[in-house]
Amino acid sequence: MKLHRANCDGTPMQETHREGEGDRCEENDREPPTDRDSVPVRPETSVQSGVEPVVIENWKIIKEPTLAAQVFKDNLLSEHATGKPLRLKMDVRESEEDRERALLSFYKQQQEWACPLHCTLDGGVGQTLLFEGEPDHLVPAASEVLIESNLFRVAGRMIAHSFLHDGPHVTGLSPAVIHVLFNGDPEMATIVVEDCPDLHIRSIIQMLELEELTQEQKDTVSDLSLSWDLPAVTKTNQRWLHNKLLVHAVIGRTMRQIKQLRKGLKDVMLWPLLTSRPDVVPLLFPKMAGMQFVPQMFLDKITWPVEDSDDEDEGLDIECKCRITGFLRVFIETASSDTLAQLLKFWVGWEMLPSELKVEFSGGTFPSSSTCFETLKLPAHYNTYKDFEEALVAAIDSAHTGFGLV
């Protein structure tokens with residue numbers, strides 16, 4: 001994550017002792033906002049202590065949402081600048097399971113999340129799928145294991161913490177999920193069939209869009225509706241049942257996950273900003289469709305290898321290096337916006353351009369990446385552009401990375 005790497009200096013840090021696992025999900029998550037939810041509070045003070053916190057409200061009247069969000073984040077970070085630093089230590093040479101455990105253990109702790117962050121990487125992170133579905137229609141995964149582990153609250157903390165430190169975002173979340181996340185009425189959410197990630201369930205719901213159903217189709221739909229405590233399909237309730245099934249498939253099955261996400265956002269104290277300034281929400285959860293990439297955006301960020309670089313393959317001559325970097329330049333210059341987005345996700349782990357994109361040579365068979373260090377590693381054995389292009393496309397297509405996986 002960008003916010004982690006920005007503070008990584010290779011100096012060992014003392015590991016933070018693991019604290020409690022955090023409160024379990026409450027039955028009613030729509031409690032009225034408390035003073036703690038509505039104002040940034042210094043780490044050495046609390047609502048209970050009776051000490052009056054310093055509050056700066058000017059972010060509420062700033063017209064531009066990007067600037068308002070930045071002022072709020074700067075104020076919040078400034079309020080907690082002298083607090084106890086958050087410390088995360090991870091050895092990237094360990095197994096995926098151990099790396100994932102270290103990251104999740106850090107975000108499961110109860111901490112003042114706006115305090116300074118110090119991270120040490122001693123050596124990607126493990127991958128747990130938290131959101132599933134199509135781009136711009138992603139919904140929380142319907143996994144009892146993830147819910148019981150309170151991982152969506154952890155994810156909410158990570159999302160808010162990353163936003164607070166100008167890190168990557170979760171892109172492509174379903175507008176219906178965002179609507180409910182910020183206390184919108186599920187029945188009023190605009191839900192489309194693409195929001196249903198389970199293709200089998202989606203195909204059953206789509207049967208209700210037909211004018212006439214066969215007996216087999218009626219039986220299939222009724223089996224699903226009855227399993228969700230809804231009535232069997234009839235000719236008179238077909239449209240109503242279509243809507244009810246869709247709401248349950250997208251929102252009903254993910255309501256507990258959404259509540260945990262909401263709690264995680266509140267833990268990092270972003271809730272006052274997000275509820276007072278709804279125009280900031282698209283900055284936290286941008287749409288993938290709105291992200292257009294052009295080749296020059298990449299080329300301006302790339303740091304190309306130099307002669308004295310510490311690449312894995314030190315025996316490469318200048319001609320070979322120029323050939324491979326030339327292949328990469330051609331690939332970028334001729335790629336579509338969608339292809340560039342996939343390349344960026346493979347390169348750094350999410351669809352946001354960092355301040356720098358690094359390129360190194362490696363002795364591997366296929367292109368690879370070190371997302372923590374925003375480095376693309378290219379083998380140098382390709383003699384034709386066609387071979388290079390096929391290998392890079394295969395590597396991009398086979399990679400399962402992204403901020404939706406944590």
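# Exercises on a predicted model

Apart from neighbours within four places in sequence, N383 has R323 and F327 as its contacts. The structure is a predicted model.

## Exercise 1. The surroundings of N383

Task: State where N383 lies in the chain, and decide whether N383 is buried or exposed.

Solution.

Step 1. Locate the residue. N383 belongs to the loop that runs between β8 (375-379) and α17 (385-398).

Step 2. Look at what lies across from this loop. The C-alpha atoms of N383 and C320 are 8.8 Å apart in space, while the two residues are 63 residues apart in sequence. The contacts of N383 outside its sequence neighbours are R323 and F327.

Step 3. Apply the cut-off. A residue counts as exposed when its relative accessible area is over 50%. N383 has 58% relative accessibility, so N383 is exposed.

## Exercise 2. Two helix pairs

Task: Classify the crossing of α15 with α16 and that of α16 with α17, and list the residues that make each contact.

Solution.

Step 1. Take the pair α15 and α16. Helix α15 covers residues 318-334 and helix α16 covers residues 337-348. Their axes come within 9 Å and cross at roughly 135°.

Step 2. Compare with the cut-offs. Angles from 65 to 115 degrees count as roughly perpendicular and those over 145 as roughly antiparallel. The angle of α15 with α16 falls in neither range, and the two helices are therefore oblique to each other.

Step 3. List the contact. From α15 come L328, F331 and I332, and from α16 come T339, L340, L343 and W347. Sorted by class, this contact of α15 with α16 holds six nonpolar residues, one polar residue and no charged ones.

Step 4. Take the pair α16 and α17. The axes of these helices also come within 9 Å, with a crossing angle of roughly 70°. On this basis α16 and α17 are roughly perpendicular to each other.

Step 5. List the second contact. Helix α16 supplies Q342, L343 and F346, whereas helix α17 supplies L392, A395, I396 and D397. The classes here are five nonpolar, one polar and one charged. L343 of α16 takes part in the contact with α15 and in the contact with α17.

## Exercise 3. Salt bridges

Task: Give the number of salt bridges in the protein, then describe the one between R157 and D267 and the one between R329 and E333.

Solution.

Step 1. Recall the principle. Side chains of opposite charge can pair when their charged atoms come close. The cut-off is a nitrogen of Lys or Arg within 4 Å of a carboxyl oxygen of Asp or Glu. The count by this rule is ten salt bridges.

Step 2. Describe R157 with D267. The closest N and O atoms of this pair are 2.8 Å apart. R157 sits in helix α6 (residues 151-164) and D267 in helix α11 (residues 255-267), so the bridge ties together parts that are 110 residues apart in sequence.

Step 3. Check accessibility. R157 is buried at 2% relative accessibility, and D267 is buried with a relative accessible area of 18%.

Step 4. Describe R329 with E333. In this salt bridge the closest N and O atoms are 4.0 Å apart. Both residues belong to helix α15 and are four residues apart, about one turn of the helix. R329 is partly exposed at 35%, and E333 is partly exposed at 42% relative accessibility.

Step 5. Look for shared partners. R153, R157 and D267 are joined into one network by salt bridges that share partners.

## Exercise 4. Positive phi angles

Task: For D136 and E374, find the loop in which each residue lies and decide whether each is buried or exposed.

Solution.

Step 1. Take D136. This residue is not a glycine, yet its phi is positive, at about 70°. D136 lies in the loop between β3 (131-132) and β4 (139-140).

Step 2. Take E374. Its phi is near 55°, again a positive value in a residue other than glycine. E374 is found in the loop between β7 (368-370) and β8.

Step 3. Apply the cut-off. Buried means under 20% relative accessible area. D136 has 13% relative accessibility and is therefore buried. E374 is buried as well, with a relative accessible area of 4%.

## Exercise 5. The whole protein

Task: How many helices and strands are there, and what share of the residues counts as buried?

Solution.

Step 1. The protein has 17 helices and eight strands.

Step 2. Of its 406 residues, 48% count as buried.

Step 3. The exposed area is about 19600 Å², of which carbon and sulfur atoms supply 51%.

Key: Residues numbered from 1 in each chain as written. Predicted model: local features only at pLDDT ≥ 70, side-chain atom pairs only at ≥ 80, totals over all residues. Heavy atoms only, no water. Axes fitted to C-alpha atoms, helices over the stretch in contact; angles between N-to-C directions. Parallel < 35°, antiparallel > 145°, perpendicular 65-115°, else oblique. Contact = heavy atoms within 4.5 Å. Nonpolar A, V, L, I, M, F, W, Y, C, P; charged D, E, K, R; others polar. Salt bridge = Lys/Arg side-chain N within 4 Å of Asp/Glu carboxyl O. Buried < 20%, exposed > 50% of the residue type's maximum accessible area, 1.4 Å probe, protein only. Areas by Shrake-Rupley, 256 points an atom, 1.4 Å probe, with all protein chains shown as cover.
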